[in-house]
Amino acid sequence: MFVEQIVVALISVFVFPGLIFTAALAFFTQYLIRKLSARFQRRMGPSYVGPFGVLQPFYDFLKLLRAKELVRTRFSMVRVAEVSLVIGIAFLIAALTFLPISIFRLQSELDVFVFFYMASVIPFIVKVIASIAMPGPYTSIGVSRMLSMATITEPAFFASIVIPVYLASKQGNVPFMSLSSYANVAKLWTNPVTAIVLLLNLIAYMVSLQAKAMYQPFNIPEAEQEIIAGFETEFSGPLLALAKLFHDIEVSVSLLLGVYVFLGGPLPFNHLSVEGVAIMIIKYLALVTIITFIKNIMGRYRIDQALLQVFKYSLVPAIIGAIVAMIV
Amino acid sequence: MASLYEVIIMGIVSIVRVEPWLAATIASGIAIGVSAVLMTLYYSLKTKTSRVTDVYLSGEPENVVSMIMPSIAALYWGFIKRFAKSLYKALIDKVHTGSLHDWYKFISSWFALLILLAVIALVLAFVGW
């Protein structure tokens, strides 16, 4: 039995929903965002590599990894940057073991906190370390902006996730504040009071996710053209490939989290049915479409504006949601 | 009745309910394992070519940031531009307007004042004050 569990854990960590699946999902998410953005701007978007250009992100990754040279200065600490990003990806993949999509699932009380540390706090720290390991004037500006944004974005993201999990786990059948409580989300949406809390937190989640992913209007840390590429200006070749993969995996894991916490995962079906899988894909695509839509209709905020907007539309709704959740 | 797909998946899925500290430990262990595999993959697949360049400082050479502290001139202009804005504005508006006439007016007014002070000092010196 123990050996079987080890085998299942290995399959879960390295195949589904681990390394291979998550990387594929990240590439597909990047493809969708690029293709949809292109259609918003009356362009074709990725079209030539694979059917409908779906393999373009993977091809770009391979090209950066295998063909492009790594440009560095005498102050660069390439190994530190590489190891940091690899650790970030590994923690994101390991965090998936707490999500109900995993075939080897860890379940415990308060596991949402462990998940948050592994999928949000640690990736943020490694991103900062990787950036300052490749120093440059634009990198410094980008990192300082990223740190400023994190002071509001991370608490807002945390609150927006924790409150629905708290309410759902209160409904019973699961450990307290466990991500396995997704099955009770439907009950929350049918109750008018908890539905308001969920809606407020969904808004907070979408805004903070937009800021975490550094998509418009919150792309001030990378502020293309203004500060070259901000925190990732000095990344090139294989290191840039790693950084892009890391970013896409972070976005994909955060979206999967949203699918479970707010939309109930495969509900009203279960994971094992074709309908359940189909509805999960639809929910995931809906979230991708929303973030791409916001990305394409908005311009870039200045750092002070961005901080204010994340505060107003993410932290404040999350705090109101928390107060209402405490009352009910 | 469960389909073949469901039977296979139900047989595979493994849920481990543990204490929070153990969950965090197991997940961290998994992360370390994945890191090791990823690092092996990354270093075996990545290109080995790299190039060393100067730091990109908008076209400036590296020696512009080589000093331990900013130069005296940079400190002076930093002070004038940041903390003595009104003085800096006056200089820009009255002297460095681009018109030689404005510059002459400004300099001659100061020059006249200096001459006046010199004459007063001379007179005072003569009268023995």
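**Notebook: chains A and B**

Entry 1, strand pairing across the chains. I began with strand 2 of chain A, residues 104-107, which is joined to strand 1 of chain B by four bridges, the two strands running parallel. I note here that the model is a predicted one. I then asked which residue in strand 1 of chain B is the bridge partner of Gln107(A). I found Arg17(B) in that place.

Entry 2, extent of the interface. I looked up the contacts between the chains and recorded 51 residues of chain A in contact with 43 residues of chain B. For the area buried between chain B and chain A I noted about 4200 Å². Carbon and sulfur atoms give 66% of that area.

Entry 3, polar and charged pairs. I looked up the salt bridges between chain B and chain A and noted a count of two. One of the side-chain pairs that meet in a salt bridge is Glu82(A) with Lys46(B), at 2.9 Å from N to O. For polar contacts between the two chains, I recorded 19 residue pairs, with both residues at pLDDT 80 or more.

Entry 4, the side of chain B that touches chain A. I asked which elements of chain B each supply at least two residues of this side. I listed helix 1 (4-12), strand 1 (14-17), helix 2 (20-45) and strand 2 (50-52). Helix 2 of chain B gives the largest share, 18 residues. By residue class, I recorded 27 nonpolar, nine polar and seven charged residues on this side of chain B.

Entry 5, chain B as a whole. I recorded five helices and two strands in chain B. Read from the N terminus, the order of its elements is α-β-α-β-α-α-α. Of the 129 residues in chain B, 15% are buried.

Entry 6, Glu154(A). I turned next to Glu154(A), which I located in helix 6 of chain A, residues 137-170. Is Glu154(A) buried or exposed? I found a relative accessible area of 13% for Glu154(A), and because the limit for a buried residue is under 20%, I entered Glu154(A) as buried. I then looked up the surroundings of this residue. Leaving aside neighbours within four places in sequence, Glu154(A) is in contact with Phe116(A), Ser120(A), Val121(A), Phe124(A) and Lys212(A). With Ser120(A), I noted a polar contact between the two side chains, at 2.7 Å.

Note on methods
Residues numbered from 1 in each chain as written. Chains lettered and ligands numbered in written order. Predicted model: local features only at pLDDT ≥ 70, side-chain atom pairs only at ≥ 80, totals over all residues. Heavy atoms only, no water. Contact = heavy atoms within 4.5 Å. Buried area = accessible area lost by both parts, 1.4 Å probe. Salt bridge = Lys/Arg side-chain N within 4 Å of Asp/Glu carboxyl O. Polar contact = N/O pair within 3.5 Å; in protein donor to acceptor, adjacent residues only side chain to side chain. Nonpolar A, V, L, I, M, F, W, Y, C, P; charged D, E, K, R; others polar. Pairing = 2+ DSSP bridges. Buried < 20%, exposed > 50% of the residue type's maximum accessible area, 1.4 Å probe, protein only.
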